[in-house]
Amino acid sequence: MLKRRSFMAAAGVALGCLMALPAQAQEAVKIGLVLPMTGPFASTGRQVEAGVRAYMALNGDEAAGKKIEIVLRDDAGTADQTRRIAQELVVNEGVSILMGFGLTPLAMSVAPVLNQAKIPAIITSATTSAIMPQSEYFVRTSMGGPQSAVPVATWAVENDLKRVVTLVTDYGPGHDIEKGFVDQFKKDGGEIVESVRVPLQNPDFAPFLQRVRDAKPDAVFVFVPSGVGSLFMKQFVERGLADAGIKLIATGDVTDDDLLNGIGDAAKGVITGHFYSANHDSPENKAFVEQVRKTNNMRPNFMSVGGYDAMHLAYAALEKTGGDTDGTKLIEAMKGMEWTSPRGPIMIDPETRDIVQDIYIREVKEVDGELYNVEFTKYEKIRDPNTAK
Amino acid sequence: MSVITREDVAPVEDGQDDQARAMRLMRRRSRIRFFEFIIWPAAVAAIFLLPSKMLILTEIAILALFAVSLDLVLGFAGIVSLGHTAFFGIGAYTAGLFARHYFAEPVTGLLVAGVVSGILGFATSFLILRGSDLTRLMTTLGIALMLGEAANQMGWLTGGADGLSGFSLGPILGLFEFDLWGRNGYIYCLAVLFVTTMVARRIAFSPFGLALKAIKSNPTRAALVGVPARRRLVIAYTIAAVMAGFAGALLTQTTSFVSPDVLAFHRSADVLLILVIGGTGYLYGGIFGAIGFTLLKDWLSVVTPQYWMFWIGLLLVILVLVGRGRIARWIEYIPQRLTAAMGGKP
């Protein structure tokens with residue numbers, strides 16, 4: 001039967017008249033997962049996919065009585081590919097929800113598709129504040145703008161680090177985080193000695209670190225994209241900043257769970273603020289970490305948990321609409337949703353569709369022979385300060 | 001055009017004969033090839049037969065246009081460029097900014113983008129004139145990198161690393177809206193590709209194009225027989241820049257988004273690869289290469305989202321090893337082989 005049908009289809013192609021028929025829809029809900037699986041940001045794609053698969057392994061592949069199907073596509077981190085793939089997924093595959101988007105421009109590029117097709121897109125990774133206003137159909141489960149940096153500023157002042165140099169990577173998220181940190185830090189009574197920006201391409205931190213050292217601050221606040229963290233840490237140690245008594249405070253991207261063991265002992269004692277640590281103590285997180293280790297043989301990081309929560313949001317929204325896949329109904333269902341994620345309690349802000357979550361201050365320590373970000377204090381219900389109303 | 005008529009070896013003949021021979025030569029070079037009868041009708045038929053593939057076909061058309069423009073400088077003028085995406089990117093940004101601040105009609109935007117990138121091409125062509133292949137590689141690469149960094153830094157104009165968004169294109173010529181299925185977008189891109197390729201064809205197979213080939217194979221000799229090499233190269237480079245600018249503008253207009261990625265090195269590299277696959281020096285190499293490259297990439301990245309680059313790489317290595325000299329004109333070998341196999345004379 002099947003053979004015959006495919007033969008018929010082939011004949012149809014040859015005649016060139018059956019191609020117009022769309023693939024027959026079954027009782028399945030398709031979710032289009034668009035991620036950079038190759039290129040410099042492949043690790044992001046790998047982690048998010050692991051999170052998505054872990055959720056399905058733990059919670060089954062059915063929501064609201066419908067089978068959930070994942071269609072994974074690689075955009076290699078190029079915006080026009082992301083846009084084309086997203087559009088094709090909507091038009092040809094008939095997906096009901098889009099998911100993924102590793103970098104800000106990639107998410108930005110699909111905004112027109114969402115507005116035209118009225119389909120929700122759950123952002124699992126890209127973080128800049130500017131994305132959310134682009135479409136009413138964006139929801140985010142990663143992090144909003146300088147969400148992780150603001151509590152670090154408060155913590156630094158509380159712990160007597162009053163003179164700080166900031167060092168961020170020179171691109172959208174870096175600017176967001178620099179602004180968020182500096183504003184909060186000044187408000188709390190700290191002094192910014194200097195703000196240094198490092199180029200995104202081929203970063204060499206040595207000259208910038210020398211400038212930091214010469215400025216003799218109490219601490220240096222750092223944000224670099226996840227992946228560059230290990231290079232930064234190496235040069236930080238080489239330049240002897242730690243010996244000069246300059247403390248390193250950062251967002252969690254620098255001590256990414258995925259890379260932490262690779263960085264080695266140099267990372268010990270670094271203080272970071274972030275929304276997720278694989279070491280987070282909760283039953284949800286234990287199950288999540290175990291599942292990812294089992295299926296992908298790696299430690300999940302904050303990208304992974306973004307993918308996991310995106311799946312939860314999709315499942316929960318489908319349950320709420322009773323399996324209705326109308327995009328506008330789904331996005332309405334997602335607004336205001338609250339649940340306990342492996343990272344802790346989180347909520348989707350009904351106003352901005354952005355995530356509201358706790359930010360933890362952590363220190364890198366050795367646990368059971370491996371390095372972890374060990375959480376020691378937290379700031380609750382942090383919003384993106386750039387968009388929060 | 002006196003360059004290739006062999007007046008130096010031919011015994012004294014009257015000018016009439018010479019001219020006739022030159023005309024014959026020109027006509028033979030510019031005759032319509034068999035594949036031209038296949039490719040264009042097929043592209044038009046795709047509008048009706050493959051409605052679900054409009055988006056990838058649009059991408060192919062844009063890439064093909066970009067590759068054809070590179071073929072004009074590489075295959076005809078012999079300028080090896082690693083930074084051809086500079087013009088593609090400038091065209092893309094110009095079209096985006098124009099639509100955002102001035103006028104949303106695509107065809108106007110397209111022409112403006114072509115003009116701006118032509119001006120850049122003209123200005124930078126003088127750098128290309130200096131030095132040999134290696135310096136040209138470095139100069140073109142450098143220009144593209146500089147523009148890429150400028151696009152990243154000038155956030156107030158280009159949106160920086162986040163890209164330029166928040167503009168939408170009006171209907172084409174005020175009549176055809178860009179639809180979600182990408183049908184009108186494809187027709188638009190195909191029309192631009194066709195017109196531009198025909199113009200490029202006219203240029204490439206004219207005496208001007210022959211002069212370029214003469215410069216390519218031996219600049220000193222070409223200069224000796226009186227071909228103004230500098231001027232010819234400047235003109236060819238500028239025309240190619242305009243065409244690349246068109247391609248960039250089409251990308252912006254069909255996606256209503258520009259990111260600094262349009263100026264990234266991998267685009268220059270991709271378009272060179274396309275010419276390696278499709279062959280250089282006969283314009284259609286860009287089109288065949290773009291079809292092959294894009295379909296292959298799309299197919300492999302669906303089959304194996306993580307490792308498709310490996311297979312592309314492997315294929316290229318094989319292609320270069322097997323192809324070697326033939327690679328430049330493989331399409332011409334097919335009919336020859338076919339007729340040879342059937343016992344006829346090629």
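In what order do the strands of the open sheet of six strands in chain A lie? The order is β2-β3-β1-β4-β5-β6, and the pairing is mixed. The edge positions belong to β2 (62-63) and β6 (138-140) of chain A, each of which pairs on one side only. The model described here is predicted. Chain A contains 12 helices and 15 strands, whereas chain B contains 15 helices and zero strands.

**Overall form of chain A**

- The radius of gyration of chain A is 22 Å, close to the 21 Å that the globule rule gives for 389 residues, so chain A is as compact as a globular protein of that length.
- The C-alpha trace of chain A spans about 75 × 40 × 40 Å along its principal axes.
- Of the 389 residues in chain A, 61% are buried.
- When contacts in chain A between residues at least 6 apart in sequence are considered, 67% join residues at least 24 apart.
- Chain A has an accessible surface of about 15,000 Å², and carbon and sulfur atoms account for 50% of that area.
- Chain A carries 41 positive and 50 negative charges, and the mean positions of these two sets are 3 Å apart.

**Strand pairing in chain A**

- Strands of a sheet pair through backbone hydrogen bonds, in either a parallel or an antiparallel manner.
- Within the six-stranded sheet, strand β1 (residues 28-35) and strand β3 (residues 66-74) of chain A run parallel and are joined by eight bridges.
- In this region, A28(A) stands opposite K67(A) of β3(A).
- Strands β14(A) and β15(A) run antiparallel, with 10 bridges between them.
- E363(A) stands opposite V374(A), a residue of β15(A).
- β14(A) and β15(A) form a hairpin in which two residues separate the strands. D368(A), in the turn of this hairpin, has a positive phi of about 50°.

**Helix α5 of chain A**

- Helix α5 (residues 149-158) of chain A is mostly covered, with nine of its 10 residues buried.
- The buried residues of α5(A) are A149(A), V150(A), P151(A), V152(A), A153(A), T154(A), W155(A), A156(A) and V157(A).
- The elements of chain A that cover these buried residues include the helix α6 (172-187) and the strands β9 (219-223), β10 (247-251) and β11 (271-274).
- Strands β14 (355-367) and β15 (370-382) of chain A are also among the elements that cover the buried residues of α5(A); these two strands form the hairpin described above.
- Just after α5(A), D160(A) adopts a positive phi of about 65°.

**Residue S43(A)**

- S43(A) belongs to helix α2 (residues 42-59) of chain A.
- Why does S43(A) count as partly exposed? Its relative accessibility is 28%, and the partly exposed class lies between the buried limit of under 20% and the exposed limit of over 50%.
- S43(A) and G227(A) are 184 residues apart along the chain, and their C-alpha atoms are separated by 8.1 Å.

**Chain B**

- Chain B has 346 residues, of which 52% are buried.
- For contacts in chain B between residues at least 6 apart in sequence, 78% join residues at least 24 apart.
- The area that chain B exposes is about 16,200 Å², and carbon and sulfur atoms supply 69% of it.

Note on methods
Residues numbered from 1 in each chain as written. Chains lettered and ligands numbered in written order. Predicted model: local features only at pLDDT ≥ 70, side-chain atom pairs only at ≥ 80, totals over all residues. Heavy atoms only, no water. Helix = DSSP H or I, 4+ residues; strand = E, 2+ residues; numbered from the N terminus. Buried < 20%, exposed > 50% of the residue type's maximum accessible area, 1.4 Å probe, protein only. Contact = heavy atoms within 4.5 Å. Pairing = 2+ DSSP bridges. Rg over C-alpha atoms; globule rule 2.2 N^0.38 Å. Areas by Shrake-Rupley, 256 points an atom, 1.4 Å probe, with all protein chains shown as cover. Lys, Arg positive; Asp, Glu negative; His and termini not counted. Charge placed at Lys NZ, Arg CZ, Asp CG, Glu CD.
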